[in-house]
Amino acid sequence: MDDNSKGEGQNYKEMGSSFSGWASYSSALAQTPKRLKERVGATWTPAEEMSQIRQRSGAYMQRKLEWYDLIGMGIGGMLGAGVFVTTGAVACETSGPAVVLAYVVAGVSALLSAFCYTEFAVEMPVAGGAFSYLRITFGEFAGFFAGSNLLMEYVLSNAAVARSFTSYFPSVFGIVHKDAWLVEASGLAKGYNMLDFPALAVVIFVTICLCHSTKESSILNIAVTSFHLLFFTFIIVFGFANGDSKNLTKPANVSHRGGFAPFGVRGIFNGAAIVYFSYIGYDSVSTLAEEIKNPSKSLPIGVSGSVVVVSLLYCLVSVALCLLTPYDEINKSAAFTGEAFRKLGGWRWMPNVVGLGASLGIVASLLVAMLGQARYLCVIGRARLIPYWFSRVHPSTGTPMNATLFLGKHFCSTLCSSHCSTIE
């Protein structure tokens, strides 16, 4: 630890009481310039991060996860609503049938990034993920800046994903209108007056599961993700069995560009930049490093394996879609709504299946994202960059219960008080 870190470490006892009352808070506030100067570039070694910093949570997180839990978490986190949105839009406007190559490029990029996360996580198996890696390398300011952005990204994106659940789930019961289950509240501004109680229920359910046990949350995720994988398998088999290979090269409108890559190499790479959104979530697996029985073995398999499996599924699903429908007729906002199936006749129940598959994917995606975010918040609390209360690990459950409950409450408040656009 460098000199700045030593000086900063000596002040931790004082800083731990900064939020104990108004007097101590005012005193700490007056010392902010001095503390900021000391801490902005302060760094820690991996050994210190895994010992004295980790001990600030009190109880340890329970090491119960195996490599297959990590693969399930990675698949569940990535295989959410993104593929339902990006595939149709990219195939229709950006890459054409070569959207499969866009997924290949994005998958390779995600895999290389996953290798970086794996190397850091094996070297330093702590729950902080990117926050901890940046903190020990570039100092606390860089770590806090990255951690803050990650938390904000998760809060806003998860609120939007939760809202999307209410758009997809009614279609399971044949309800077409996406806002059918929203409750209008009179007296609130337009755009902010539609209360989403199903999304609130899902967030509360996921929060309770994550507070109870990480291992049991993993079992729930594996169960939900397994059904989601069956849905993807059905789409792939159906597309290859009933599609037409001519759709991969011939548009429906002869005036539109033809060929497998109608928008050229530029279109493939532009599409890759867009579909990369569908791979977001594998980083959450690295935040489970403190809860894995054998991190050096399980982490590389879990992180990299989940990216490979998801990449293969995305490529097969995109090919299946383009086999079913010419690229210029794909519904860019809802490619899997069942229009392609209705054209074949006798498949009017497909929107119900799509709605169920998307809903299961959203639940799994929320579970993994909230799990990772709670651990980011816990480790940032260990660093005393936010109140120490967030860093506490419950001795019975071995989970960061304070951080998890706060995030669940914050998600519910965000859903109730703001206009979060659904992913569609």
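## Exercises on a predicted model

At 22% relative accessibility, Phe169 counts as partly exposed, since that class runs between buried (under 20% relative accessible area) and exposed (over 50%), with a 1.4 Å probe and protein chains only. This is a predicted model, where local features need pLDDT of at least 70, side-chain atom pairs count only at pLDDT 80 or more, and totals for chains, interfaces and linings use all residues. Residues are numbered from 1 along each chain as its sequence is written, and side-chain values use heavy atoms, leaving out hydrogens and water.

**Exercise 1.** Place Phe169 in the fold and find its contacts away from its sequence neighbours.

*Solution.* Start with the address: Phe169 sits in the loop between helix H10 (140-168) and strand S1 (183-184). Helices (H or I, at least four residues) and strands (E, at least two) are DSSP runs, numbered from the N terminus. Next, skip the neighbours within four places in sequence; Phe169 then touches Trp181 and Ser359, where contact means heavy atoms within 4.5 Å. Finally, check Leu360: 191 residues separate it from Phe169 in sequence, yet the C-alpha to C-alpha distance is 9.0 Å.

**Exercise 2.** Decide whether Ser132 is buried or exposed, and list its contacts.

*Solution.* Ser132 belongs to helix H9 (residues 130-138). Its relative accessibility is 0%, so Ser132 counts as buried. Beyond four places in sequence, its partners are Glu49, Met124, Val126 and Val379.

**Exercise 3.** Describe how H3 and H4 meet.

*Solution.* Take the axes of H3 (residues 22-30) and H4 (residues 32-39): they come within 5 Å and cross at roughly 60°. That makes H3 oblique to H4; angles under 35 degrees count as roughly parallel, over 145 as roughly antiparallel, 65 to 115 as roughly perpendicular and the rest as oblique. Axes here are lines fitted to C-alpha atoms, for helices over the stretch in contact, with angles from 0 to 180 degrees between N-to-C directions. H3 brings Ala28, Leu29 and Ala30 to the contact, and H4 brings Thr32, Pro33 and Arg35.

**Exercise 4.** Sum up the whole chain: count its helices and strands, then give its buried share and its long-range contacts.

*Solution.* The count gives 18 helices and two strands. Of the 424 residues, 53% are buried. For the last step, keep contacts with a separation of 6 or more: 82% of them join residues 24 or more positions apart.
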